[in-house]
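Hi,

Here is the structure I said I'd pass on to you. Have a look at it first, and then read my notes below.

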Amino acid sequence: SQRKSTNAEAPIVETNLVLATPEELKQKNKLAGTITVPKQVNIAPITGHPEEHVKTRRVCISRPAKNSMQSGTNNLDYWKIDFDNRERWENPLMGWASTGDPLSNMQVEFNSKEEAIAHCEKNGYKWFLEQEEQAKPARVKNYGSNFSWNKRTRVSTK
């Protein structure tokens, strides 16, 4: 005497399609087929940056160097973009460096190289990729090898 349960769910129906006339449905289907979204979008004209800062801007895409004060490799799995420096001068009163460029001190971080390139192309920046140098694997150094007695490390006393 097992009871079979049927969980039949009601289909989801859009109420605006049920109440629409056949002419409205034809119009909606016709419009749905003609909408296209461009894959390459340039948002440079609407960002609010001056035109001379966008057209002549060069951006360096790179991975940050490891902190030389620590041996860990944490926080190295991201890419950053640096804008080129321009319009810098020394403030005569205090001797501080000043700039008229709003983007020169900005660094933006991305999870991948492709995201950084897409951001630069979308904003209309000319970019270049700074290739990372592959470090040579370190030679294994053991404290015990200082006291080993083999032909390579043996020194004659005569």
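Let's start with a helix: which residues are buried in α4? They are Ala-116, Ile-117, Cys-120 and Asn-123. Looking down the axis of α4, you'll find these buried residues within an arc of 140°, so they line one face of the helix. In general, an α-helix has 3.6 residues a turn, so residues three or four places apart point the same way. Keep in mind that this is a predicted model.

What covers that buried face? The cover includes α3 (51-55) along with the strands β1, β2, β5 (107-110) and β6 (126-129). Just past the helix, α4 is followed by Gly-124, which has a positive phi, near 80°.

Now for the core. The largest nonpolar core has 11 residues: Val-59, Ile-61, Trp-79, Ile-81, Phe-83, Leu-103, Phe-110, Ala-116, Ile-117, Cys-120 and Tyr-125. At least two of them come from each of β1 (58-62), β2 (79-83) and α4 (113-123). To see one of the links, click on Ile-117: setting aside residues up to four places away in sequence, Ile-117 touches Ile-61 and Trp-127.

Next, the sheet. Four strands form an open sheet in the order β5-β2-β1-β6, and the pairing is mixed. β5 and β6 are at the edges with a single partner strand each, so each has one side without a neighbour in the sheet. On average, neighbouring strands are turned by 25° against each other, ignoring direction. In the middle of that order, β1 and β2 pair in the antiparallel sense over 4 bridges.

Ser-62 is a nice residue to zoom in on. Ser-62 sits in strand β1 and stands opposite Lys-80 in β2. Is Ser-62 buried or exposed? Ser-62 counts as buried because its relative accessibility is 4%, under the 20% cut-off. Apart from neighbours within four places in sequence, Ser-62 is in contact with Trp-79, Lys-80, Asp-82 and Glu-130.

Finally, the cysteines. How many disulfides are there in the whole structure? The search finds 0. Take Cys-60: the closest cysteine sulfur is the one in Cys-120, and the distance is 9.7 Å, so the two are too far apart for a bond. Both cysteines are buried, though: Cys-60 has 11% relative accessibility, and Cys-120 has 0%.

Write back if anything is unclear.

Cheers

Methods: Residues are numbered from 1 along each chain as its sequence is written. This is a predicted model: local features need pLDDT of at least 70, side-chain atom pairs count only at pLDDT 80 or more; totals for chains, interfaces and linings use all residues. Side-chain values use heavy atoms; hydrogens and water are left out. A nonpolar core is a set of buried Ala, Val, Leu, Ile, Met, Phe, Trp, Tyr and Cys residues joined through side-chain atoms within 4.5 Å. Buried means under 20% relative accessible area, exposed over 50%, partly exposed in between (1.4 Å probe, protein chains only). Helices (H or I, at least four residues) and strands (E, at least two) are DSSP runs, numbered from the N terminus. Contact means heavy atoms within 4.5 Å. A disulfide is a pair of cysteine sulfur atoms within 2.5 Å. The arc is that of the directions from the helix axis to the C-beta atoms. Two strands pair if DSSP finds at least two bridges between them. Axes are lines fitted to C-alpha atoms, for helices over the stretch in contact, and angles run from 0 to 180 degrees between N-to-C directions.
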